[in-house]
Amino acid sequence: MFTTRLQAWVRRTAQSLAARLSLLPITPNQVTVAGLAVTTLAAALIALDHPFLGGLALLFAGAFDIFDGALARARARSYAYGAFLDSTIDRYAEFDVLEFKR
């Protein structure tokens, strides 16, 4: 029950913020790629033995992953290519975090 409420709250909040973001000249794909950049920064921070800052950066990077889809829905521009790009970038982000720590 708690997770269902939390998911609903996150979705509502993301959609509300995405509606405001949709006024800016930013595409959902740009948000996706920016999220990868922030994740890479987080992985580098963790690898450089700054786990707290890296963790904060990872939390921030997670917001990008939420907002790219919300922005696509807010603009009514959900495409198969964007979903594929998001999925692929998510795998690269996971790779960054796992490999930098090695």
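Asp-49 counts as exposed because its relative accessibility is 61%, where exposed means over 50%, buried under 20% and partly exposed in between, with a 1.4 Å probe and protein chains only. This residue is found in the loop between helix 2 and helix 3, with helices being DSSP runs of H or I of at least four residues, numbered from the N terminus. Its phi is near 65 degrees, a positive value in a residue other than glycine. Most residues other than glycine have a negative phi.

A quick note on the setup: this is a predicted model, with local features needing pLDDT of at least 70 and side-chain atom pairs counting only at pLDDT 80 or more, while totals for chains, interfaces and linings use all residues. Residues are numbered from 1 along each chain as its sequence is written, and side-chain values use heavy atoms, with hydrogens and water left out.

Leu-59 sits in helix 3, and it too ends up in the exposed class because its relative accessibility is 65%.

| Residue | Relative accessibility |
|---|---|
| Asp-49 | 61% |
| Leu-59 | 65% |

Now for the inside. The largest nonpolar core (buried Ala, Val, Leu, Ile, Met, Phe, Trp, Tyr and Cys residues joined through side-chain atoms within 4.5 Å) has nine residues, among them Val-31, Phe-64 and Ala-70. Helix 1 (2-21), helix 2 (28-47) and helix 3 (51-74) each supply at least two of its residues, and helix 3 gives the most, with five. Leaving aside neighbours within four places in sequence, Ala-70 is in contact (heavy atoms within 4.5 Å) with Ala-14, Gln-15 and Ala-18.
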